[in-house]
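Open the model in your viewer and keep the sequence panel beside it. The tour below goes from the whole chain to single residues, one selection at a time.

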Amino acid sequence: MGILLGLLGVICFSLTLPATSVAVEYFGTTFVGLGRAVIASILVAIILIGRKEKLPSARQFKSLVIVSLGAVLGFPLLTSWAMTSLPVSHGAVELALLPLATAGFAMMRAGEMPSLKFWLSSIAGALAVIIYAIYLGLGQLHIADFALLAAVVILGLSYAEGGLLAQEIGSWQVIAWAIIIAVPVLIIPVSLNVSGEMLHAPLKAWISFLYLAIVSQFLAYVAWYGGMAMGGISRVSQIQYLQPFLMIIFAALFLHESISVFTIVIAIAVVLSVIIGKNASIAKKASI
């Protein structure tokens with residue numbers, strides 16, 4: 001069940017960059033990157049109040065701040081900015097490094113010790129991604145590339161922290177409280193970037209933005225954190241290797257970006273690494 005929930009989360013996340021690419025063209029980086037959380041907070045607040053959820057403890061609040069900085073602030077803003085100058089396929093390739101970042105932080109925060117088999121499969125998947133990146137001519141890094149790499153590091157820590165905390169307070173509660181914590185900081189910059197011209201944006205722009213706000217910012221995290229809580233952070237993180245190639249497929253379907261045979265070959269190689277890594281043993285550090 002943990003693997004299935006993780007897969008559902010990845011499928012939902014895979015539409016994030018294509019939706020962002022459409023939305024930023026009409027609404028701008030700040031409104032798309034931060035405004036999604038403001039909209040999501042309305043849904044989240046209704047659910048939290050309706051269920052009379054208990055407030056997080058001081059220790060849990062600290063973890064929620066980390067989740068908020070990555071999943072609500074850093075990653076959405078950095079990727080929104082990068083998508084103003086990069087195609088979705090470009091961003092998808094670089095975000096494929098996210099499982100390694102998540103697994104690395106998982107060892108530090110959750111006390112997990114991935115086996116050699118796990119790391120070999122992770123390295124194999126990463127090498128496949130690097131080969132694909134070189135093929136696309138991504139050897140020269142631009143400022144937007146650094147933004148995406150920073151997003152990978154920030155979200156990797158957020159995923160690991162959120163997956164650990166989800167075992168205590170529940171999967172959807174993690175992202176719900178993270179959104180609530182961030183909203184006071186977001187309201188002013190989002191408000192300053194609202195304009196009357198937005199009312200004339202096409203339907204596809206509004207659908208993309210609402211998808212980012214409701215699904216990417218909240219519902220996808222419910223499935224993702226729930227999957228990591230049930231299946232283990234390092235193991236479930238392997239499924240993320242599917243995400244860049246799902247993004248490319250969705251980009252082809254909705255944005256008409258082309259898919260080469262080489263892309264399909266690399267996708268198969270990455271899927272194989274996911275299957276191997278998923279079955280690798282994960283141990284816990286012994287208590288001292």
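In counting charges, Lys and Arg are positive and Asp and Glu are negative, while His and the chain ends are not counted. The place of a charge is taken as NZ of Lys, CZ of Arg, CG of Asp or CD of Glu. Select the charged side chains on that basis: the chain has 13 positive and 9 negative ones, and the centres of the two sets lie 15 Å apart.

Before going further, note that this is a predicted model, in which local features need pLDDT of at least 70 and side-chain atom pairs count only at pLDDT 80 or more, whereas totals for chains, interfaces and linings use all residues. Residues are numbered from 1 along each chain as its sequence is written, and side-chain values use heavy atoms, with hydrogens and water left out.

**The whole chain**

Show the chain as a cartoon. The secondary structure comes to 13 helices and 2 strands; helices (H or I, at least four residues) and strands (E, at least two) are DSSP runs, numbered from the N terminus. The radius of gyration, taken over C-alpha atoms, is 18 Å, close to the 19 Å that the globule rule gives for 288 residues, so the chain is as compact as a globular protein of that length. That rule is 2.2 Å times the number of residues to the power 0.38. Turn the C-alpha trace along its principal axes, and it spans about 55 × 50 × 30 Å.

Now switch on the surface. The chain exposes about 12700 Å², and carbon and sulfur atoms supply 73% of that area. Accessible areas come from the Shrake-Rupley method with a 1.4 Å probe; for residues, only the protein chains shown count as cover. Of the 288 residues, 52% are buried. Buried means under 20% relative accessible area, exposed over 50%, and partly exposed in between (1.4 Å probe, protein chains only).

How much of the contact in the chain comes from residues 24 or more positions apart? Such residues account for 91% of the contacts with a separation of 6 or more, where contact means heavy atoms within 4.5 Å.

**Helix α2**

Select residues 16-27, which form helix α2. This helix has 12 residues and reaches 15 Å from its first C-alpha to its last, close to the 16 Å expected at 1.5 Å a residue. The expected span is 1.5 Å times one less than the number of residues. α2 is mostly covered, with 9 of its 12 residues buried; among them are Leu 17, Val 22, Val 24 and Phe 27. Show the neighbours as well: the buried residues of α2 pack against several helices, including α1 (2-13), α3 (29-51) and α10 (203-231). Just after α2 comes Gly 28, whose phi is positive, near 90 degrees.

**Inside α4 and α6**

Go to helix α4 and select Ser 63. Ser 63 is buried, at a relative accessible area of 9%. Leaving aside neighbours within four places in sequence, Ser 63 is in contact with Arg 109, Glu 161 and Leu 165.

Ala 82 is also in α4, and its relative accessible area of 0% makes it buried. With the same neighbours left aside, Ala 82 is in contact with Ala 144 and Leu 148.

Next, pick Ala 103 in helix α6 (residues 98-110). Is Ala 103 buried or exposed? Ala 103 counts as buried, at 0% relative accessibility. Draw a C-alpha to C-alpha distance from Ala 103 to Ile 233: the two are 130 residues apart in sequence and 7.0 Å apart in space.

**Helix α12 and three loop residues**

Select α12, which has 13 residues and reaches 17 Å from its first C-alpha to its last, close to the 18 Å expected. Its buried residues include Phe 245, Met 247, Ile 248 and Phe 250. His 256 follows α12 and lies in the loop between α12 and α13 (261-278). His 256 has a positive phi of about 65 degrees although it is not a glycine, and it is exposed, with a relative accessible area of 69%.

Lys 52, in the loop between α3 and α4, also has a positive phi, near 55 degrees, in a residue other than glycine. At 76% relative accessibility, Lys 52 counts as exposed.

End at Ser 115, in the loop between β1 (112-114) and α7 (116-135). Ser 115 counts as buried, at 17% relative accessibility. From Ser 115 to Tyr 26 the separation is 89 residues in sequence and 46 Å in space, C-alpha to C-alpha.
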